[in-house]
Amino acid sequence: MAGLELLFNCVSNSLTCSQDALICFVHWEIVKSGYKCLGTGDEPKDGEKKSELLPPGWNESKDLYALRYRSSDDKSNLLLKAFTVDSTLIFNLMDSKTEKVTDLTLNISEYVEEANLQTFESVFKNTDELITKLKSSLLPTEKEERQGKTEKKTENERASHLRDPLSDPLLIPTRGPPGRHPPNWPDPMDPFATGGADLDPFGGRAGGMIVDPLRAGFPRSGFDPSSGIPGVLPPGAVPPGARFDPFGPVGRHRPG
């Protein structure tokens, strides 16, 4: 219990009852958990500084103790309250960030020898049992602290994910097949451009109403309609270079 003896010697002259000594012990266990005391009461006061020592006036009330703590990294605040009920002390510890409350009831006489209040070597007893109870039922555990950090990291990643437009598939622009060029759409700001391609069915402009699969941009197999289609069209029926819409399967006797 390194450090507890120094703390006890600093406040031994102000100890007037067994619950004072027990508060001193619990205070030091909170400090060992990575917190320092800010002051007394529920509300912060001007000029407060973090300290491992108990603040002035910490034991003015023997019925209600209220101490505030802050973690070393300033990310967590604790409020400790202890109520005296007959021969017991009821502890409540609240994390102001998560609003999680833990509680523990201790029989004072089981852990403090009232006849030796000013003697550190004999004032506390069953300390191992007391520490186990405090760690298991009252003090924040390392697992909870790691879980809080993990949840905060997850929230930050989720917020960053939502801020990134590329992370939303609904915001990704539609992409065409590989190797295809985007269509040459007319200027949408020109009110007279709408339907212009349909006014020239032979494709003087981009588009047109006549389908020509031979000029649709797909690979051609060397088929030339001007040479005729055996059994369908004689040679010369289709002028060279003319737009041609086949009325039957092209190359139906060709493999594939």
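Me: How do you know that β2 and strand β3 are partners?

Reply: Happy to walk you through this predicted model. Between β2 and strand β3 (residues 77-85) there are 7 bridges, and the two run antiparallel. Two strands pair if at least two bridges are found between them, so with 7 bridges β2 and β3 count as paired. As an example of residues facing each other, Leu 64 stands opposite Phe 83 in β3.

Me: What lies between β2 and β3 in their hairpin?

Reply: There are 5 residues between the two strands of this hairpin. One residue in the turn to look at is Asp 74, which has a positive phi of about 65°.

Me: Why is strand β2 called largely enclosed?

Reply: A residue is buried if its relative accessible area is under 20%. Of the 8 residues of β2 (residues 64-71), 6 are buried, so the strand is largely enclosed by the rest of the structure.

Me: How do you know that β1 pairs with β2?

Reply: Here 5 bridges join them, and they run antiparallel. The requirement is at least two bridges, so β1 and β2 are paired as well. One pair to find in the model is Cys 37 with its bridge partner in β2, Tyr 69.

Me: What makes β1 and β5 the edges of the sheet?

Reply: The open sheet has 5 strands in the order β1-β2-β3-β4-β5, with antiparallel pairing. β1 (35-40) and β5 (100-107) each have a single partner strand, so one side of each is left without a neighbour in the sheet. From one strand to the next, the twist averages 25°.

Me: What joins β5 to strand β4?

Reply: Strand β4 (residues 88-95) and β5 run antiparallel and are joined by 8 bridges. Within this pair, Asn 92 stands opposite Asp 103 in β5. Helix α4 packs on the sheet, where it touches β4 and β5.

Me: Why is the direction of α4 relative to β5 called roughly antiparallel?

Reply: The two directions make about 155°. Angles over 145 degrees count as roughly antiparallel, so α4 and β5 fall in that class.

Me: Why are α2 and α4 called oblique to each other?

Reply: Helix α2 (residues 18-32) and helix α4 (residues 127-138) pack at an angle of about 60°, with their axes 11 Å apart. Roughly parallel needs under 35 degrees, and roughly perpendicular starts at 65. The angle of about 60° fits neither class, so the helices are oblique. Their crossing is right-handed.

Me: Which residues make the contact of α2 with α4?

Reply: From α2 come Leu 22, Phe 25, Val 26 and Glu 29, while those of α4 include Leu 130, Ile 131 and Lys 135. By class, the contact has 7 nonpolar, 1 polar and 2 charged residues.

Definitions and conventions:
Residues numbered from 1 in each chain as written. Predicted model: local features only at pLDDT ≥ 70, side-chain atom pairs only at ≥ 80, totals over all residues. Heavy atoms only, no water. Axes fitted to C-alpha atoms, helices over the stretch in contact; angles between N-to-C directions. Helix = DSSP H or I, 4+ residues; strand = E, 2+ residues; numbered from the N terminus. Left-handed = near helix turned anticlockwise from the far one by under 90°. Contact = heavy atoms within 4.5 Å. Nonpolar A, V, L, I, M, F, W, Y, C, P; charged D, E, K, R; others polar. Buried < 20%, exposed > 50% of the residue type's maximum accessible area, 1.4 Å probe, protein only.
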